[in-house]
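Student: I would like to go through this structure with short questions. Please keep each answer to the point.

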Amino acid sequence: MQAKKRYLILFSAGACLILLFCIGGIHIPLSRRAQSRRDGRALGGYQPGSRWRRSPGSLQSFRAPDQDYTDDTDGHFSPRQKRDAGVYYGNRCRMDSCFDFSLCERNGFKVYVYPQQKGEKMSESYQNILSSIEGSRFYTPDPGQACLFVLSLDTLDRDQLSPQYVHNLRAKIQSLPLWNGGKNHIIFNLYSGTWPDYTEDLGFDIGLAMLAKASISTENFRPNFDVSIPLFSRDHPRTGGDRGFLKHNTIPPFRKYMLVFKGKRYLTGIGSDTRNALYHVHNAEDVVLLTTCKHGKDWQKHKDARCDKDNAEYDKYDYREMLNNSTFCLVPRGRRLGSFRFLEALQAACVPVMLSNGWELPFSEIIDWNTAAVIGDERLLLQIPSTVRSIHQDKILSLRQQTQFLWEAYFNSVEKIVLTTLEIIQDRVLQRTSRSNLMWNSLPGGLFTLPQYSTYLGDFPFYYAELGIKPYPKFTAIIHVVTPLVSQSQPVMKLLVAVAKSQYCAQVIVLWNCEKPLPAKHRWPAASVPVLVIEGENKVISSRFLPYDTIPTDAVLSLDEDTVLSTTEVDFAFTVWQSFPDRIVGYPARSHFWDGNKERWGYTSKWTNDYSMVLTGAAIYHKYYHYLYTSYLPASLKSMVDQMSNCEDILMNFLVSAVSKLPPIKVTQKKQYKETMMGQSSRASRWADPDHFAQRQTCMNKFASWFGTMPLVHSQMRLDPVLFKDQVSILRKKYRDIERL
């Protein structure tokens, strides 16, 4: 009987299990391998934990060789998987998982731009981006040497209603032979989505490509992979760019208005809530927040009760006047998260008050925006006025100054936006030589601070004050020689002896750029410091600015062979330089001017109280500028200088002023620093060449064209020794010999 009961119970339980299985109450789990295959297909081949190995040679493919990224793969996503993966199929991409580092290890960080396809339209803004890349030191015309690839297909505007929208982009990109699923590619984009929701979808699969995108949300931003860039207008200059509007600091730093905004108000659709609520905090006194709904073709169909009043108030104020006379500028989101108001506020030294929840701020990977902006919350709009009023005036002054630095360092031209993007990626690729936070967020900025030179801040002339250190108290003299050594009475011999006697001289390097063979060692005068004679590379004039390993000091005293300087003059110039290590300090001064009749820059050597250059025939500067001259400037400018054997001193002044934003420093009132030209060499007589001056005029305009602006800064300051020319005993003066010159 008991056995029958047991069998009956087992039979009933089995029947229940079969019934539950049939109606779907129990799911039999797939094996781990099957589950892995399903997830791999759903996420476009991604497997958590897969990593690129940072070693030379070919790397294992991130996806199966036969797998392709097409819009059809969207069918494999469940709603939950779509939400987890975000807008972009490579949502989980990071540098370690979606970037082939081996391409960069072979040839360094080089960028290839696809050739433009015939018949493809391209916006002016995208042309400016590509031109900026092609004019940079990163560009290579050889795809075999490239580490990063940039499309020639215009991806900036992906709004289907825009005339700049490029159709069939997915098929065009997939047909590119180097696309490789987007690996090691970067895609630039300013506008995505369209009315009414303006999503961040680009309308094609970006695969494994990085995004340099404006108005990108923190939800879709892939840290350490994408780059958030600012939204800029089609009128944004390609190179150069305007300076910030802050000409001088005012104490206290308050302006006519405390907080301003002037822009569109959206009556319907995304982005309308925040701007529609601005009237609640507008007081028409020091908080002036103006909106208009008078935009678009059918705005009157949707107008509300406030439209007419808002439009009338809107027309009473001039936007530029408000911008230049306000302490804070509100930057609320529009249809998209980003806004043109952001860059406009930065340039005007109007501290941006961000009101765009979820926006990944431009270059957030490198810029500390808490030092230049106020980050607000759309949900706390009513608290914004009291918040900005509570900010101390010292903090306001600091914020305002930082807006000017960031504007001029990274945002005032398309070229700087593009170069900053590339430098960020290069820092990721070359992690051992990446910039520190201080390099990015303090003068002169990351674009002029090359970590390939050094990663130690103390090796750069800009950070001595920050670190509380001083430059090495010695200099290395480099004498540039182009004429044969025929007599012991030549000026170069006197110069070498005078410089070597300086108490601050550590070494003298004679750079032999003469066509004749090197003189025997015994022909050079004896000196108390080491004298090293080296041959110039290719005998070109730019070789005087090469970053020689034989320069052990921070300071370089650059000298032409026919310069006439006394030991006392050298000592005084070096003493001055120690207080201004980021500038050129020296004797021969020149100036530039704008010729309104010829509409070009002019060069003058007239003796006046005004100057903007100190020639490197007798000047001291930091040796980092040798590295910057060699590595930063384009080969085209250096080739022009070498062909003419002229203008290298002007180019160095352009470079140093562009970096420091300051003029050079002239010391003492000495007019003559060269003796009568001697020798028959054409190189030696170049100063007497009638074409010499005309060449320098041409150089001025070529250099200004490349820099995109005129970086030279005028000055009337001259530094003399204490008691110089004073009617006191000569015995009371330290640099008494200068009086007799």
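Student: Which residue of β21 stands opposite Val-585?

Tutor: This is a predicted model, in which local features need pLDDT of at least 70, side-chain atom pairs count only at pLDDT 80 or more, and totals for chains, interfaces and linings use all residues. Residues are numbered from 1 along each chain as its sequence is written, and side-chain values use heavy atoms, without hydrogens and water. β17 covers 585-586 and pairs with β21 in the antiparallel sense over two bridges; strands are DSSP E runs of at least two residues, helices are H or I runs of at least four, and both are numbered from the N terminus. In β21, the residue opposite Val-585 is Ile-620.

Student: Which residue of β21 is the bridge partner of Val-556?

Tutor: β16 spans residues 555-560, so-called pairing being at least two DSSP bridges between two strands. β16 and β21 are joined by five bridges in the antiparallel sense. The β21 partner of Val-556 is Tyr-621.

Student: Is β21 mostly covered or mostly open, and how many of its residues are buried?

Tutor: β21 runs from 618 to 622, and "buried" means under 20% relative accessible area (exposed is over 50%, partly exposed in between; 1.4 Å probe, protein chains only). Ala-618, Ile-620 and His-622 are buried on one side of β21, and Ala-619 and Tyr-621 are buried on the other. The strand is mostly covered, with a buried count of five of five.

Student: In what order do the strands of the eight-strand sheet lie?

Tutor: The sheet is open and its pairing is mixed. β15 (531-535) and β23 (718-719) stand at the edges with a single partner each, so one side of each has no neighbour in the sheet. From one edge to the other the order is β15-β14-β13-β16-β21-β17-β22-β23.

Student: Which residue of β16 is the bridge partner of Ile-479?

Tutor: Ile-479 falls within β13, residues 475-481. β13 and β16 run parallel and are joined by six bridges. The β16 partner of Ile-479 is Leu-559.

Student: At what angle does α19 run to β21?

Tutor: α19, residues 567-577, lies across β13, β16, β17, β21, β22 (665-667) and β23. Angles run from 0 to 180 degrees between N-to-C directions of axes fitted to C-alpha atoms, for helices over the stretch in contact. For α19 and β21 the value is about 30°.

Student: Which strands are at the edges of the five-strand sheet?

Tutor: This second open sheet has parallel pairing and the order β9-β8-β10-β11-β12. The strands at its edges pair on one side only. They are β9 (287-292) and β12 (374-375).

Student: Which residue of β9 stands opposite Phe-261?

Tutor: β8, residues 257-264, runs parallel to β9, and six bridges join the two strands. Opposite Phe-261 in β9 is Leu-289.

Student: At what angle does α14 run to β11?

Tutor: Two helices can be placed against this sheet. α10 (residues 307-314) lies across β8 and β9, at about 120° to β9. α14 lies across β10 (326-332) and β11 (351-355). Its angle to β11 is about 90°.

Student: Is Ser-413 buried or exposed?

Tutor: Ser-413 is in the loop between α14 and α15 (414-429). Beyond its neighbours within four places in sequence, Ser-413 is in contact (heavy atoms within 4.5 Å) with His-236, Pro-237, Arg-238, Thr-239, Gly-240 and Gly-241. Its relative accessibility is 0%, so Ser-413 counts as buried.

Student: How far apart in space are the C-alpha atoms of Trp-706 and Leu-633?

Tutor: Trp-706 belongs to helix α23 (residues 690-707) and is partly exposed, with a relative accessible area of 22%. Leaving out residues up to four places away in sequence, Trp-706 touches Gly-135, Tyr-632, Leu-633, Pro-634 and Leu-637. Trp-706 and Leu-633 are 73 residues apart in sequence, while their C-alpha to C-alpha distance is 9.5 Å.

Student: What share of the contacts with a separation of 6 or more joins residues 24 or more positions apart?

Tutor: The protein has 23 helices and 23 strands. Of its 741 residues, 54% are buried. Among contacts with a separation of 6 or more, the share from residues 24 or more positions apart is 74%.
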